[in-house]
Amino acid sequence: MSKNNDLPKRLHAIPKQTFQSLQSRVRSPLVLDERPAVARGTRGYAPLPWSDFFDKREMLDGPGDTGAFAIYEKGSGPVTVLLLHGGGHSAMSWGVFVNSLASANASCRMIAFDCRGHGETTVTPEEDLSTEQLCKDLKYICEHVLNGEPVFVVGHSMGGATAVHAIHDGYVPNPSGVAVFDVVEGTAISSLSHMNRFLNSRPTHFESLEQAIAWSLKSGQLRNRQSARVSIPAQLISCKRRDIKHNQMTTASSFLEELPQDDNQSDEHDRYLETTKSLDTQPGLQHPQIKSADDDDVYTWRVNLQASGLSNKFLLCPCLRLLVLAGVDRLDKQLTIAQMQGKFQLHVVRDSGHSIQEDCPDNVAQVVASIVNRMGALTIVTPKEPSE
């Protein structure tokens, strides 16, 4: 009797071409996990909870029946530091920074929130990320969380642009200072090609949160592992693999080839392969049912990032002005002249990427803490009038 006749009848009826076409789309449920070891949870890349960084989280109902804003808070003091995250990020991008600010003995209350379309916030419409709408959202949150104290608004990237427009146009009550992290109008156009290349190379999905965290560090998006472990999971949502367009699908495996593998799990996988080979040659044994990879739960980006007058408004903000950059070459002409004239404070952080507060949280926290403590020493708080 030939080897093929020894195969179970169920397999006997399936054409060879069918198996070849399914090889990349199916896997047996007996395999513990055929994906890279990092997808299963490589040690050191496990997500961290928000409670490791903030004291409390509250959901503030949005205007009308439009959902709610996720708001995170830590510490107390005469000054409130209001933190605005960048596009595609979330309040968790400030997690390690607020711990660093607390360690620097900053006497302040720290508040971060997920803007619409980001993180845990459910306010609709999610896609309206216009400057005007973001400023209105900021004003709404200020009205509900502030108590008349001075406010130091700190924004990264998109959040920095929002902070400048909001303070300049009067959306923030009692502003005592504004700090913008790595956002300068003059470099915006020149950075578009770099940003487009980055977005095009970004994986469409990940097999696990651990894999996403590992990718963010290996690709250079972030340089601080602790921050990546709290920040990256908040940028992702769970979905089925079938929900991702196959013609646009890219994975993170190419970035992760050099990451350490779990030897015990690899040995177990090898033992499985030997077992399944014997199943195909033993008469009377039923081949295990094949499970489609389309049923897998994967993680994709919460926000689809496909890729005026900011510098002038920054210089006209009626309060202390701090600009934090990853390099002096990012200054545009107008800000270079203004910096020479002492119109704002400039702090340059070396060895940092775009997410300065994540890559070098202690460095930036020291600067912000010194400013906040000076503000607190001069503060006379006017209590907010009770609403009628």
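Colleague: Accessible areas come from the Shrake-Rupley method with a 1.4 Å probe, and for residues only the protein chains shown count as cover. What share of the area exposed by the chain do carbon and sulfur atoms supply?

Modeller: This is a predicted model, in which local features need pLDDT of at least 70 and side-chain atom pairs count only at pLDDT 80 or more, while totals for chains, interfaces and linings use all residues. Residues are numbered from 1 along each chain as its sequence is written, and side-chain values use heavy atoms, with hydrogens and water left out. The chain exposes about 19600 Å², and the share supplied by carbon and sulfur atoms is 49%.

Colleague: What percentage of the residues in the chain is buried?

Modeller: Buried means under 20% relative accessible area, exposed means over 50%, and partly exposed lies in between (1.4 Å probe, protein chains only). Of the 388 residues in the chain, the buried ones make up 47%.

Colleague: How many helices and strands does the chain have?

Modeller: Both are DSSP runs numbered from the N terminus: helices are H or I with at least four residues, strands E with at least two. On that basis the chain has 15 helices and 13 strands.

Colleague: Which strands stand at the edges of the open sheet?

Modeller: Two strands pair if DSSP finds at least two bridges between them. Three strands form the open sheet, in the order β8-β11-β9 with antiparallel pairing. Each edge strand has a single partner, so one side of each is left without a neighbour in the sheet; the edges are β8 (205-206) and β9 (236-240).

Colleague: How many bridges pair β9 with β11?

Modeller: Serine 238 stands opposite tyrosine 299 in β11, and cysteine 239 faces valine 298 of that strand. On the β8 side, two bridges join β8 to β11, with histidine 205 opposite threonine 300. Between β9 and β11 (residues 297-301), which pair in the antiparallel sense, the number of bridges is five.

Colleague: At what angle do the axes of α5 and α6 cross?

Modeller: Two packed helices are described by the angle between their axes and the distance between the axes. Axes are lines fitted to C-alpha atoms, for helices over the stretch in contact, with angles from 0 to 180 degrees between N-to-C directions. The axes of α5 and α6 (residues 158-168) come within 9 Å and cross at roughly 75°.

Colleague: Which residues in α6 do those of α5 meet?

Modeller: Contact means heavy atoms within 4.5 Å. From α5, the residues are Thr131, Leu134, Cys135 and Leu138; their counterparts in α6 are Met158, Thr162, His165 and Ala166.

Colleague: Why is α6 described as largely enclosed, and how many of its residues are buried?

Modeller: Cover for its buried residues includes β4 (79-84), α5, β6 (151-156), β7 (175-181) and α12 (310-316). The buried residues include Gly159, Val164 and Ile167. The helix is largely enclosed by the rest of the structure because the buried count, out of 11 residues, is eight.

Colleague: Which residues does the cis peptide bond join?

Modeller: Most residues other than glycine have a negative phi, and most peptide bonds are trans. Proline 125 is found in the loop between β5 (108-113) and α5 (131-145). With omega at about -5°, the cis bond joins threonine 124 and proline 125.

Colleague: Is aspartate 351 buried or exposed?

Modeller: Aspartate 351 has a positive phi of about 55° although it is not a glycine. Its place is the loop between β13 (345-348) and α14 (356-359). At 68% relative accessibility, aspartate 351 counts as exposed.
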